[in-house]
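This report describes packing in a protein model, beginning with the surroundings of one residue. The structure is shown first.

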Amino acid sequence: MFVVEMEGITKRFGSFVANDGIDLRVKRGEIHALLGENGAGKSTLMNILFGLYQPEEGTIKINGKKVTISDPNVAVRLGIGMVHQHFMLVEPFTVTENIILGKERSRMGFLDLKRAEEEVRRLSEQYGLQVDPRAKIRDISVGMQQRVEILKTLYRGADILIFDEPTAVLTPQEIDELIDIMKRLVQEGKTIIFITHKLKEIMRACDTVTVIRRGKMIDSLPVSDTDENRLASLMVGRDVSFSVEKAPSQAKDPVLEVEGLVVKDNRGIEAVKGLDLTVRAGEIVGIAGVDGNGQSELIEAITGLRRVNAGVVRLNGTDVTNKKTREILHRGVGHIPEDRQKRGLVLDFSIGENLALITYNRSPFARGIRLRYPEVFAHAKRLIEQFDVRTPDERTAARALSGGNQQKAIIAREVERDPDLLIAAQPTRGLDVGAIEFIHRRLIEQRDKGKAVLLFSLDLDEVMKLSDRIAIIFRGKIVGYVDPKTVTEEELGLMMAGGKGEEATS
Amino acid sequence: MNLFVRANRQSPLLLAIVSVLLGMVVGAILMLVAGYDPVRAYSALFRTPFTQPFDIGETIRTISPLIMTGLAVAIAFRTGLFNIGAEGQYIIGQLVAIIVALKFSLPPVLHALVALILGGLAGALWALLPGILKATRGVHEVISTIMMNFLAFYLSNYLVRSWLSSGADSTPMIPESASIRWDPLQSIFVNSRIHLGIILALLLALFMYWLLWRTTIGFEFRAVGLNPSASEYAGMSVKRSIIMSMLISGSFAGLAGATEMLGTDEYLTILTFFNGLGFDGIAVALLGGNTPLGVILAAVLFGVLTYGGGTMQFEANVPFEVIRVVFAAIILFVAANVTGWIVERFRRGRKVKENA
């Protein structure tokens with residue numbers, strides 16, 4: 001018995017075909033994984049099911065009945081709920097207030113919060129969510145906030161729950177808990193569609209997996225009949241190597257030394273609280289931590305983008321604390337920023353201009369204040385070829401490139417400046433497997449050339465694969481170092497959540 | 001912020017042409033409703049600016065300050081700043097120019113040159129304060145430049161009455177030595193008030209092109225205008241770009257005021273309201289897509305409409321206000337990006353047919 005049947009779904013955006021005749025059949029009471037790389041068309045397909053997009057072709061049946069889902073209200077009425085990747089919660093409101101938002105119960109014109117609270121408590125108990133209905137959103141953890149999102153869909157009577165990459169924001173322990181909750185939901189008769197590109201989670205949690213590649217459905221098969229390698233090659237369309245080849249590191253003198261660093265965030269609250277960190281030439285130090293523990297502020301402080309309130313940052317022995325960004329960059333820091341579209345590129349500049357974004361005022365690009373465009377474009381042509389940036393030419397706007405190629409351009413720009421310290425923040429977020437392999441190779445290459453690399457990533461696999469040492473950041477401090485060769489993901493997760501682990505292999 | 005990005009990105013020519021045509025249609029409808037003959041009105045409007053050498057000269061004179069204020073607004077726009085204060089910078093430019101003209105005694109040419117330069121500098125200083133406030137305190141430039149407009153307005157009126165005249169409504173005429181009218185130019189366009197401002201305007205357009213697209217300073221301006229976060233990341237000083245851009249923008253507007261004073265008006269009166277050349281600069285910049293060439297073309301159009309609008313009043317009995325309505329309609333169409341909308345409509349319509 002299928003609860004969801006999508007047949008021949010086609011959706012175009014301009015000339016781009018996001019979904020090309022996709023079929024998806026989901027059985028009642030199963031956890032059905034929707035697997036594909038970023039940009040493969042998973043989210044588009046689910047947005048169609050949730051009524052956010054209208055397909056050009058194809059039919060949708062819910063519980064065997066043909067339906068037209070013209071907007072999300074229709075989807076909700078059909079019992080479909082979506083847990084978005086980015087939470088849509090009002091921070092100063094309580095859990096209950098958030099859940100009833102848009103569907104408030106009233107008695108004689110007054111909000112009946114008490115009844116709503118009871119209802120939320122009942123649902124929370126029924127599905128083992130352990131959410132306090134009176135807690136304010138801003139006081140609860142990200143994992144809890146996600147459960148509030150789940151409760152929101154249940155409160156609206158959802159039987160079919162769509163989870164859009166739910167594990168991206170969670171620690172390993174929270175992921176375990178989420179998987180337990182998903183299994184509980186299914187036991188209680190719900191059906192779950194789980195969007196992801198993480199193979200491990202599919203193997204652990206799901207019953208069936210449907211693989212989508214470049215807008216087409218490739219295969220749909222029971223999870224028990226397959227394994228990670230098989231799924232990976234289905235997803236990418238070729239065999240992929242998971243391991244990264246690298247020789248043991250030959251760490252030398254310290255390049256970056258951070259001592260007692262204190263930095264405030266945008267709200268004026270201390271986000272980095274007395275942090276110490278050393279990165280030496282010839283090693284990759286990975287920073288592992290749950291998002292929001294001071295990572296962004298640390299990077300910005302090192303690169304001069306944010307004021308340092310106390311402590312010292314030294315680069316090759318020179319004090320660069322609170323120096324101007326330009327000076328720090330020219331002293332040998334390369335920076336692959338966390339948010340490539342906001343920080344890394346001027347999207348409406350050409351690729352050529354973007355590749356000279358930092359060095360435009362130096363020879364050979366500038367003579368006095370005169371900017372020499374022929375040099376800018378010649379330089380861009382070389383880098384485009386060397387780093388395999390797929391673009392029609394060097395005059396194309398950066399906006400027109402795919403995410404992977406935008407990132408390659410940034411990496412080309414930063415690596416080419418040959419920095420002593422390369423800071424890579426989330427260097428592969430949202431990229432496909434091919435681009436990830438390329439970027440990983442480049443980072444290791446820098447290390448092997450005797451450069452220091454500081455890696456920030458929320459993807460634990462990436463941190464464990466690339467790093468020579470892992471530093472764990474928690475509440476604005478480095479709480480310990482671990483050896484990636486010996487540490488397990490569980491130990492790492494525990495330390496990321498504030499628990500104690502093995503201390504200092506540095 | 002989105003407005004800046006869009007204004008700096010769109011392909012402006014098609015949008016400008018469509019918007020102008022639609023704006024004129026709106027004007028025509030208005031005329032029909034009010035009982036005027038739009039065909040006669042428009043033919044008078046577009047014929048008269050070009051018939052006599054005198055008219056051509058006067059049209060060019062109308063165009064010159066529009067180019068300069070248009071460039072002023074455009075260069076700030078490129079840096080992500082909305083300089084509503086071109087009006088005030090214009091007034092200060094004209095005020096300082098007449099002070100130099102009346103209070104200094106200098107030989108010809110030099111006198112005019114000093115008056116022009118100080119007028120431009122005064123405009124720059126008038127824009128500097130909002131620039132500094134924006135860069136250091138985050139004060140929005142729209143608010144501060146509007147306030148600076150009123151400061152300029154009342155300062156000008158106060159000085160005209162109390163210092164530059166003896167309690168009268170206007171100052172004396174500027175001496176010959178400070179004039180920027182040029183005999184050879186005037187003899188071509190018999191007796192019109194055309195002056196060297198047009199040459200300066202074209203030079204400024206050239207300068208803006210060179211600065212924005214041929215220098216590292218302009219590279220910074222454009223980067224800051226499109227993405228301040230990335231500019232900061234790349235080590236540029238966003239503050240410096242904001243302040244420099246405001247300085248240059250203000251000097252352009254100040255020069256517009258100075259040339260009008262030394263070439264067209266030759267004396268300054270008590271202002272009853274803003275004369276609107278600075279505000280028109282916003283319209284010119286927007287229609288011209290913030291490019292130097294676009295600004296020149298837009299200024300030509302608005303200049304022709306303004307001058308032709310005056311004669312239209314005589315020939316077709318249509319009130320001048322109709323032309324201001326046409327201006328406003330054109331700007332609304334540009335701001336609403338009508339072509340984008342029409343093109344989108346057209347595409348969607350075609351797609352539906354394909355699928356049917």
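## Nonpolar cores

Outside its neighbours within four places in sequence, Leu455(A) is in contact (C-beta atoms, placed from the backbone, within 7 Å) with Ile284(A), Val285(A), Gly286(A), Ile287(A), Ala424(A), Leu443(A), Val463(A), Leu466(A) and Ser467(A). A second, separate core of 62 residues includes Leu34(A), Val148(A), Ile150(A) and Met235(A). The largest nonpolar core has 187 residues, and Leu455(A), Leu71(B) and Leu262(B) have the most contacts inside it. Such a core is a set of buried Ala, Val, Leu, Ile, Met, Phe, Trp, Tyr and Cys residues joined through C-beta atoms within 7 Å; buried requires 20 or more other C-beta atoms within 10 Å of the residue's own, with C-beta atoms placed from the backbone.

## Basis of the model

The model is predicted: local features need pLDDT of at least 70, side-chain atom pairs count only at pLDDT 80 or more, and totals for chains, interfaces and linings use all residues. Residues are numbered from 1 along each chain as its sequence is written, while chains are lettered from A and ligands numbered from 1 in the order in which they are written.

## Helix packing in chain B

Helices here are DSSP runs (H or I, at least four residues), numbered from the N terminus. H13(B), residues 277-287, packs against H15(B), residues 321-335, at about 45 degrees, with the axes 10 Å apart. Axes are lines fitted to C-alpha atoms over the stretch in contact, and angles run from 0 to 180 degrees between N-to-C directions. The two helices, H13(B) and H15(B), are therefore oblique to each other (neither under 35, over 145, nor 65 to 115 degrees).

At this packing, Ala283(B), Leu286(B) and Leu287(B) of H13(B) meet Phe327(B), Ile330(B), Ile331(B), Val334(B) and Ala335(B) of H15(B).

Technical notes. Buried ≥ 20, exposed ≤ 12 C-beta atoms within 10 Å, placed from the backbone. Contact = placed C-beta atoms within 7 Å.
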